[in-house]
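The following exercises concern strand order and pairing in two sheets. Each task is followed by a worked solution.

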Amino acid sequence: MNTIRFAFYGRVSTEDKQDPQSSRGWQITRSRALIESRGGVIVTEFFDVDKSRSIPWQRRPHAAALLAELRNPDRGFDAVVIGEPQRAFYGNQYGLTFPVFEHFRVPLWVPEVGGPIDPNNEAHDLVMSVFGGMSKGERNRIKIRVRSAMSAQAQMEGRFLGGRPPYGYRLADAGPHPNPAKAADGKRAHRLELDPVAAPVVEEIFAVFLDGYGLFAIAERLTRNGIPSPSAHDPGRNRHRSGIAWSKSAVRAILTNPRYTGHQVWNRQRKDEVLIDVDDVGLGHTTKLRWNSKQDWVWSKTVVHPPIVSTEDFDAVQMTLTGRGDRHTDKTRKRTPKPYQLRGLLYCGVCDRRMQGQWVNDAAYYRCRFPEEYALANHLMHPRNVYLREDRVVPRLDHWLGRLFAPHNVDQTLDVLAAAQDVTPPEAQALAVARRQITECDRKLAQHRAALEAGADPALVAGWIQEELVRKTAAEQRLGRAHVLPQRRPGRDELAEITHRLGDMVRVLSNADPIRKAKIYANIGLRLIYHPSKQKVLVTCTHDQDPIGDRFVSEAGHHRTPSLASLVCEEP
């Protein structure tokens, strides 16, 4: 009997606390039971972890890698086996994916048809389509059950349902988890308790607002008095914020948060699935967080945690905010059809904040209005407005990128790209960080136990031990969810072939659709920093595995390679 080499594909989502290792185990066991009696052996694996089934194959890392490998004539396997099609296919994904297997003549085996899928068998096609529909229906039923249960728990029990505690509160232990199975695993419930440092600040914000202070005046007052902003108070959970001053948006978020009344409030936000491209439905959906109207909020029937403000004061604040004309309290953003080619990539060189897009007179601009949003009591010298027109940057950026692949520079560029393939991937780096955190927690736990044996205050040491156990558990969970497989990386010859097919890079970029060009810039990992005093843009690379931008910027004085550090963006 001839041996058939198989590639195994599986998927697991951790949203419902599934164990990736056990899920992979039973899926691959089911696959082997199907193929081993036919002389099959699994020689390679593709397994997606923490990816929803609603995500199309092209957007799942390992599924996309499998589809790419189908194109390789030296792929190393003869067929593909899937142990659980309901986990692999969702909705119409089978109809969009199987033709690729059929085109490259790679059989797809599933237990539900007892072997390879026959493209000419109507029953096989019907079975697989039914499983896609069942997968979609199962996901929707789970979503409805979970949301109904959370609504009842918030309203009837006032249970804390997870997430970041509001500024002014911190998490406290509330005993064993109410779910017996989770309690048996050592899971604990949590509740909100007052943060002795931040709670008085929240109380002050409500009081001075009712005394007539505006949002910006409150931000100035707090910053002037040296009170850390929410991001500075808890920098570990606010790494995306600078924390240098209080902002109007932070003050407004506190004033509009009803949980300061002591009630648990749920369903203030929802997750909507929005088509990525209405002209290409096969790309699937992306999840958008959106704010619900106040009528849809779910309030606990009783006060369930210590209140910071009274319900009367909170209602009075909402009335005042509502009466300020166009300064609405709903956190909604108007969607715009205007494309921004540098969306999310351009930063202000004065405050290092991301610049916001704005369309003016049929032209795309980027602006930073730090003084309009953040308190000035930190004495940061910042212009009132920093503006940069997009078409002053993009042509020069395209020209520079094109020169990197010009004949006299392409060899050096390819060398850098090839060398970047050997850098440790972010997944492996995350694993190393989690292991280091576990080791550090074990060291601190040993120190705390020694302090306890030496006669330290038991209550104080118990708090320290609890904090370290929480950190260690979080690191262990990240380590358990991680699943890093070796990925094939293109060599120098393959990169050269890709570059050759692209041809004139300047022409390709200049003729590209603005939306697609924005994706190219983001995939390259560009970070642009605009210095208004010099009217120059510094461009670096933010991807750890792709040091091209940083290298050419730093070595501009030693090579003739063009540097974006000298890219001049003068205003007319």
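**Exercise 1.** Identify the bridge partner of Val360 in strand 14.

*Solution.* The bridge partner of Val360 in strand 14 is Ala363. Strands are DSSP runs of E of at least two residues, and helices are runs of H or I of at least four, both numbered from the N terminus. Strand 14 covers residues 363-368 and is joined to strand 13 by 5 bridges, the two running antiparallel. Two strands count as paired if DSSP finds at least two bridges between them.

The model is predicted: local features require pLDDT of at least 70, side-chain atom pairs count only at pLDDT 80 or more, and totals for chains, interfaces and linings use all residues. Residues are numbered from 1 along each chain as its sequence is written, and side-chain values use heavy atoms, without hydrogens and water.

**Exercise 2.** Place strand 14 in its sheet and state which strands stand at the edges.

*Solution.* The sheet is open, with 3 strands in the order 13-14-15 and antiparallel pairing. Strand 13 (356-360) and strand 15 (386-389) each have a single partner strand, so one side of each lacks a neighbour in the sheet. From one strand to the next, the twist averages 35° (axes are lines fitted to C-alpha atoms, for helices over the stretch in contact; angles between N-to-C directions run from 0 to 180 degrees).

**Exercise 3.** Describe the sheet with the order 2-1-3-4-5 and the helix that packs on it.

*Solution.* This open sheet has 5 strands and mixed pairing. Strand 2 (40-49) and strand 5 (115-116) are at the edges; each has a single partner strand, so one side of each is without a neighbour in the sheet. Strand 3 (residues 79-82) and strand 4 (residues 108-110) run parallel, joined by 2 bridges. Val80 has Leu108 as its bridge partner in strand 4. Helix 1 (residues 20-35) packs on the sheet, touching strands 1 (4-12), 2, 3, 4 and 5, where contact means heavy atoms within 4.5 Å. The direction of helix 1 makes about 150° with that of strand 2.
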